[in-house]
Structure formats: structure tokens, C-alpha cells
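User: I should like to learn how the packing of helices and the surroundings of single residues are read from a model. Please take me through some cases.

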Amino acid sequence: MIEVSNLHKSFGDVEVLKGISTTFEKGKTNLIIGQSGSGKTVFLKCLLGLFNYEKGSIAYDGKIFAKLTEDEKRNIRAEIGMVFQGSALFDSMTIAENVMFPLKMFTKQSKSEMEDRVNFVLKRVNLETAHNKMPSEASGGMQKRVAIARAIVNNPKYLFCDEPNSGLDPKTAIVIDNLIQEITDEYQITTVINSHDMNSVMEIGEKIVFLRNGLKAWEGSNKTIFKTDNEVVTDFVYSSNLFKKVRKMYIEENE
Ligand SMILES: Nc1ncnc2c1ncn2[C@@H]1O[C@H](COP(=O)(O)OP(=O)(O)OP(=O)(O)O)[C@@H](O)[C@H]1O
Ligand SMILES: [Mg+2]
């Protein structure tokens, strides 16, 4: 579990996160949603320890990050897996080498132990025959699966994904969302996903934090998001014409 309390983050005079408090639960896909520029990526980078913040705290399973020693901070970082926006694979490495990279960085495993683990996670994301391909030879959906395999290769306790299905067709996007949710449940990871995609909200929004202008405007789940009359949320949810039409039909049918 990750507990965030009163988090403030500024760049110069501009305050981007204005006091956010929430919790992200273990074994669940926790979604951060909100419009472009609302602060999702900045928030995720604070959770990753890539950004310092002026005020507030982040606790990883009860350990407040800012109060830890450098060694303890390093231990937490080693327990984090990350899927970056756009996959961010190393172009000059094969798929297997990409996935092995964190093992080389963070562990002292033997070559054969690392190979076994790479085989295991590539199989887990249904890429058992792609080891020797280069990223440029893989489709967008395959690249995302490689990025997921690389993010989980170290058995992370925490998994962060920034727009993991951006640029994918809707069907492949759902496959990727479901894969992340299955892995989260299977290994009881605390997963936090940035998204502005209503499909993801419906599929895997077990816990949803809605950001607006650097503040938490609402939180709930995919079971409650359609019941709220919080205007900020309904504006976002029904910004898609499809949802507007479905809602209109629903209201007419029930009149
Ligand atoms: N390194 C930085 N320096 C200065 N300002 C920044 C920096 N990174 C982000 N910002 C600002 O913080 C605000 C929030 O940006 P952020 O990238 O978190 O939005 P987002 O919700 O992830 O948007 P999107 O959906 O487009 O990815 C923006 O106004 C942005 O310009
Ligand atoms: Mg972003």
C-alpha cells in the first residue's frame, strides 16, 4: 500500500500539485485520471522518487520515504517497476536483453538465473518466441508487453505505468490493461496507472483518483464513477460523445 499525504510540488513559482492525499491499495489497479496537464505524470514521478516535493509525504508500506536513509531509499527503488509512456525500450538491445537489463542493474544473479527469469516473464506476457527480435521489429502492443515484462522482472512490490496503452488500438489496449490487472492480482503488486482513457477506467478502475488542476477532485471506483453528480467528473466521463449517447439512451429508456 502507498499512502500519500498533502503532497505539494512546484516548478519555480508554479504549483503543479496543490496538496494531494490518497492511498493506493495492494493487489489493485489504482488509476490516476484527469485531463492533459492536470498533473498525473508529475504525481507519478513523485511516487517514483524522480521528483522532490516541497511538502507532504509518501509512505511505502508504512515507510515514509523522506525519512529513510540512502540505503533504505535504494531498497525501495529496487522494489519499483515502471512502464514509461511510449515503452522506452533500448533500441540497440534485443527484447531479451531489454528485459534482463534491470536484473543486471539491481541483482547479483548468475547468467543462467537471469536467463531463467527472463524466460519466465516473457512467457508470462505471451512473448516466448520473441527473445532475439529487436524492438523495431515488434508491434506497438508487443513493445508494451516487453515493457511490462521488464517492469516486473525484479518482482516489484510497486508498479507504475504512465499511459500504458496510449497509441494502441482499442482492442490491444484492453489486452494490455487486462494483462496489467492480472499480474497485479497474481503477484499482489500495488499498481498505479496514469490514464485519460475511459475504456481503461471501465476495465480496470478498481480504485480511481481524479485529478484536476493539481488537486484531487474525486475518488472512487469504476462501480461508482457513473453514479456521482460531481460536475467535474461527469464533464470528464461524458466528454466522449459515445458515453453521452449511451447515457441519453439510458435516461430515455428509464423514463
Ligand atoms: N519539468 C517540469 N518543469 C516545469 N513544469 C512542468 C514540468 N513537468 C511538468 N510541468 C507542468 O506541470 C503540469 C502538469 O503536467 P503533467 O505532465 O503532470 O500533466 P499530465 O496530467 O500528465 O498530462 P498528459 O495527460 O498530457 O500526460 C503542466 O502544466 C506542465 O507544464
Ligand atoms: Mg502525462
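**Helix packing and two loop residues**

Analyst: In this predicted model, the axes of helix 5 and helix 6 (residues 170-186) come within 10 Å and cross at roughly 15°. Helix 5 is therefore roughly parallel to helix 6, as angles under 35 degrees are counted that way. Two packed helices are described by the angle between their axes and the distance between the axes.

User: Which residues make the contact of helix 5 with helix 6?

Analyst: Helix 5 contributes Gly141, Lys144, Arg145, Ile148 and Ile152, while helix 6 contributes Thr172, Ile176, Leu179, Ile180 and Ile183. By class, this contact of helix 5 with helix 6 comprises 6 nonpolar, 2 polar and 2 charged residues. As for handedness, helix 5 passes helix 6 in a right-handed crossing.

User: How is the packing of helix 3 and helix 5 to be read, and at what angle do their axes cross?

Analyst: The axes of helix 3 (residues 95-106) and helix 5 (residues 140-152) cross at roughly 30° and come within 7 Å. Helix 3 and helix 5 are therefore roughly parallel to each other. The crossing of helix 3 past helix 5 is right-handed. From helix 3, Ile95, Asn98, Val99 and Pro102 meet Val146, Ala149 and Arg150 of helix 5. The contact of helix 3 with helix 5 holds 5 nonpolar, 1 polar and 1 charged residues.

User: Turning to single residues, is serine 38 buried or exposed?

Analyst: Relative accessibility is compared with a cut-off: buried means under 20%. Serine 38 has 4% relative accessibility and therefore counts as buried. Serine 38 is placed in the loop between strand 3 (29-33) and helix 1 (40-47). Beyond residues up to four places away in sequence, serine 38 touches Leu211, Arg212, Asn213 and Gly214. A polar atom of the serine 38 side chain lies 2.6 Å from the backbone oxygen of glutamine 35.

User: Where is glutamate 25 placed, and how does glutamate 25 count at its relative accessibility?

Analyst: Glutamate 25 is in the loop between strand 2 (14-24) and strand 3. With 25% relative accessibility, glutamate 25 counts as partly exposed.

User: With which residues is glutamate 25 in contact, leaving aside its neighbours within four places in sequence?

Analyst: Those residues are Asn30, Ile189, Thr190 and Lys207. The side chain of glutamate 25 also makes a polar contact with the side chain of lysine 28, at 3.1 Å. Separation along the chain can be set beside separation in space: glutamate 25 and glutamate 206 are 181 residues apart along the chain, and their C-alpha atoms are separated by 9.4 Å.

Key: Residues numbered from 1 in each chain as written. Chains lettered and ligands numbered in written order. Predicted model: local features only at pLDDT ≥ 70, side-chain atom pairs only at ≥ 80, totals over all residues. Heavy atoms only, no water. Axes fitted to C-alpha atoms, helices over the stretch in contact; angles between N-to-C directions. Helix = DSSP H or I, 4+ residues; strand = E, 2+ residues; numbered from the N terminus. Parallel < 35°, antiparallel > 145°, perpendicular 65-115°, else oblique. Left-handed = near helix turned anticlockwise from the far one by under 90°. Contact = heavy atoms within 4.5 Å. Nonpolar A, V, L, I, M, F, W, Y, C, P; charged D, E, K, R; others polar. Buried < 20%, exposed > 50% of the residue type's maximum accessible area, 1.4 Å probe, protein only. Polar contact = N/O pair within 3.5 Å; in protein donor to acceptor, adjacent residues only side chain to side chain.
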